[in-house]
Amino acid sequence: MEFRLEAHRIVSISLGKIYSARGQRGGLKLHKNLLVSLVLRSARRVYLGEPGGECALPPRPGPPPPPDCERLRRGCRPLGSEAAARGRAEFPAESPRKRSAAERGQVAGSPGKKPRREAEPPPPQEDMETGNVASLISIFGSGFSGLLGKERGAAEATEPGQVCCEQPALRSLNPWSTAIVAF
Amino acid sequence: MFMWLLTFLMVAFSHFFLLADIISTVEFNHTGELLATGDKGGRVVIFQREPESKNEPYNQGEYNVYSTFQSHEPEFDYLKSLEIEEKINKIKWLPQQNAAHSLLSTNDKTIKLWKVTERDKRPEGYNLKDEEGKLKDLSTVTSLQVPVLKPMDLMVEVTPRRIFANGHTYHVNSISVNSDCETYMSADDLRINLWHLAITDRSFNIVDIKPANMEDLTEVITASEFHPHHCNLFVYSSSKGSLRLCDMRASALCDKHSKLFEEPEDPSNRSFFSEIISSVSDVKFSHSGRYMLTRDYLTVKVWDLNMETKPIETYQVHDYLRSKLCSLYENDCIFDKFECAWNGSDSVIMTGAYNNFFRMFDRNTKRDVTLEASRESSKPRAILKPRRVCVGGKRRKDDISVDSLDFTKKILHTAWHPTENIIAIAATNNLYIFQDKVNSEMH
C-alpha cells in the first residue's frame with residue numbers, strides 16, 4: 001500500500017526529529033515536538049491500520065463516517081490513552097494516481113473487512129526494514145502519552161530537558177528509544 | 001497596486017554568512033520614525049528616518065542606522081543544564097511619553113526594557129574636574145566658573161531600565177504592550193503573564209493551558225496580542241489554529257475565553273500534516289481594532305471580532321506547496337513561522353514566503369502580488385517587479401517553477417510603517433526597506 005509506505009517513511013522521519021531535538025541549543029522546543037508527536041501518531045495509526053486511521057481518509061460517497069471521527073476531529077479533551085484522537089492519514093497528495101473506490105474500501109476497512117491489527121507483520125514484498133521502526137512505534141500510545149511513557153509520577157518532571165521516564169521496556173530497545181523519553 | 005522602490009539595504013557586516021546575523025524580528029515604532037531589528041546574536045539595531053529635506057528632492061526620508069546595542073547574551077540554566085539562546089524573539093516599542101524612546105526586547109526567557117536617549121550637548125568648564133574628568137589639584141583653582149553646555153556630536157545612548165526575568169518556564173514567543181501604557185504581557189508555549197512596566201519582581205499569570213498531566217498536552221500558545229484600544233481585551237492563538245479572545249475584567253485567570261474563533265477543517269484537505277499547517281504562527285489586530293489577521297503555513301486569514309465561526313477572508317499565500325508537505329516536513333520548512341502585517345489603513349495585508357518572496361493582498365480589489373527581496377532584483381530607484389510562481393501550464397518568461405524555489409531563503413519577518421507605505425523586509429541577514437514611489441513623490 002502506497003500510503004502505508006508513506007506512513008512508514010513519516011514515522012522514521014519523525015523519530016529522527018525527536019531524537020535530534022535533544023541536542024538542540026536552547027532546549028527542547030515544546031511546540032515543534034508536540035507537532036511532530038501528532039504527526040507520528042497519525043502515521044502510526046495508518047501504518048498499523050488501527051481504527052481511527054479510517055477517519056483520516058478523505059470522504060467518499062456512502063454512509064457518513066462513524067460518530068467517533070467527528071468527536072476525534074474536534075479534538076476533545078482526552079480521557080485516556082486514546083488521547084484527543086485525531087488520527088488522520090495522508091491520502092497521498094503526492095501520488096498522481098487516483099484510487100478506485102475498491103482500493104479505498106480495502107484500505108479503510110470497509111464493511112465486511114476487518115482492519116489490520118498491530119500484531120500483523122508487514123507484507124514481505126515491501127522490504128521496508130521495519131524491524132526497528134515497528135518495535136519502536138508499537139510502544140507509543142497516542143500522541144504525547146506514548147512518548148512520555150506511562151509513568152504518572154513523571155508528569156511534573158516534564159519540563160524541557162529533563163528525563164522523565166525510566167521504563168525498562170524502552171531501555172531494552174535500541175538507543176533511539178532512550179532519547180525519545182526525554183520529554 | 002504600489003510601486004515599491006528600494007531605499008535602504010543593509011547587508012550583514014561580514015563577508016561570511018554568520019548565523020548570528022540572521023534577523024529575527026522587525027518592528028516600527030508608533031510614529032514610524034524608528035525601526036528596530038533584532039537578530040540571532042542578541043543584538044538590536046535601531047534605524048531612524050531622516051527628516052525629508054527640500055534641498056534634496058530625492059531624499060524622501062530614508063532610514064539610517066541610529067544605534068546598535070547588545071540586548072541579550074547567551075545564558076546557561078545550571079539547574080536544567082540548558083543553554084538559553086540570545087536570539088531576540090520579539091521587540092515592541094512603548095508609545096513615546098517624553099524625549100526618550102523605550103522598547104521591550106525578549107529572548108526565550110527574559111524580557112528587557114531599554115531606554116533610548118540622545119545626547120547632543122555636554123557641560124564644559126567644571127571647577128573640580130579637568131577636561132578628562134580627573135580631579136584637579138585644588139591649589140591650581142584660583143577662581144570659580146559656571147560650567148556651560150556646549151554642543152557635541154550626537155550620541156545615542158541605550159540603557160537597560162528593567163529586566164523581567166524568571167517569569168517563564170517555556171519559550172517566550174510574543175510580547176505585547178497594553179494600550180494603557182502601564183502593563184504588557186508575555187506569552188510562552190503554555191502561559192501568558194501580565195507585567196507592570198515598573199515592577200520586575202512579580203507578574204500575574206493570566207492564561208495557563210498547561211494540563212495537570214503533560215501526557216494530555218495537545219495544544220500550545222503560539223502568539224498573543226493586546227487589543228489596540230481596549231486595554232482589557234487580548235487574543236492568543238494556538239497550534240490547533242484557533243484564536244481565543246479574552247477579557248481581563250471577566251476573571252483574574254483568563255483560561256475561559258470570551259470568544260473562540262475557529263474554522264472547521266476542510267475534510268478534502270486532510271493529511272498527516274493538517275495539524276501542523278493549521279497552527280497559527282502570528283496574530284495581529286487591525287489598526288481599527290475590528291479585525292484580526294492570522295497566518296498559518298499556507299494562508300493568511302482575516303477574522304471579524306464579531307464572527308467566531310470562520311474568517312471573513314482567506315488568502316492563499318503559496319498553495320502550490322500543499323502537495324509538497326511531506327518534503328517540507330522532512331526538511332523542517334513546515335515548521336517555519338511566518339509573520340503577517342497590516343498596512344496603516346487596514347486595506348492591504350502582507351506576509352513573507354520562500355525564495356525571498358513576499359506577498360501582498362489588497363482586501364478591497366482582491367488583487368494580490370508577489371514581490372522579491374533580493375540584491376539582483378532590487379536596483380535602487382528601480383521599481384520592484386512582480387514575480388510569478390508557475391505551477392504548470394503556460395510558463396511566462398521570468399516565472400519561477402515551484403521546484404526551483406529556494407527554501408533556505410525565507411522571509412519570516414516583515415513590518416509595515418504605521419501610516420505610510422514604507423515596508424521593512426528581513427531576508428535572512430539582510431534588511432530591505434521599500435517605499436512606495438507615489439508616497440515619495442508627494443514630498
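Trainee: In which sense do β13(B) and strand β14 (residues 191-196) of chain B pair?

Mentor: Keep in mind as we go that this is a predicted model. A hairpin of three residues joins β13(B) to β14(B), and B:Met185 stands opposite B:Leu194 in β14(B). Five bridges link the two strands, and their sense is antiparallel.

Trainee: Which residue of β13(B) is the bridge partner of B:Ile175?

Mentor: Let's look at strand β12 (residues 174-177) of chain B, which runs antiparallel to β13(B) and is joined to it by four bridges. These strands form a hairpin with five residues between them, and in the turn B:Cys181 has a positive phi of about 60°. The bridge partner of B:Ile175 in β13(B) is B:Ser186.

Trainee: How many residues of strand β13 (residues 183-187) of chain B are buried?

Mentor: In a regular strand, side chains alternate between the two faces of the sheet. Here B:Thr183, B:Met185 and B:Ala187 point one way, while B:Tyr184 and B:Ser186 point the other way. Buried means under 20% relative accessible area. The strand is mostly covered, and the buried count is five of five.

Trainee: Nice! Now the open sheet β24-β25-β26-β27 (chain B): which strands stand at its edges?

Mentor: This sheet has four strands with antiparallel pairing. An edge strand has a single partner, so one side of it is left without a neighbour in the sheet; here these are β24 (340-342) and β27 (368-372) of chain B.

Trainee: And which residue of β27(B) does B:Phe357 stand opposite?

Mentor: Strand β26 (residues 357-362) of chain B pairs with β27(B) over five bridges, in the antiparallel sense. In β27(B), the residue opposite B:Phe357 is B:Glu372.

Terms used. Residues numbered from 1 in each chain as written. Chains lettered and ligands numbered in written order. Predicted model: local features only at pLDDT ≥ 70, side-chain atom pairs only at ≥ 80, totals over all residues. Heavy atoms only, no water. Buried < 20%, exposed > 50% of the residue type's maximum accessible area, 1.4 Å probe, protein only. Pairing = 2+ DSSP bridges.
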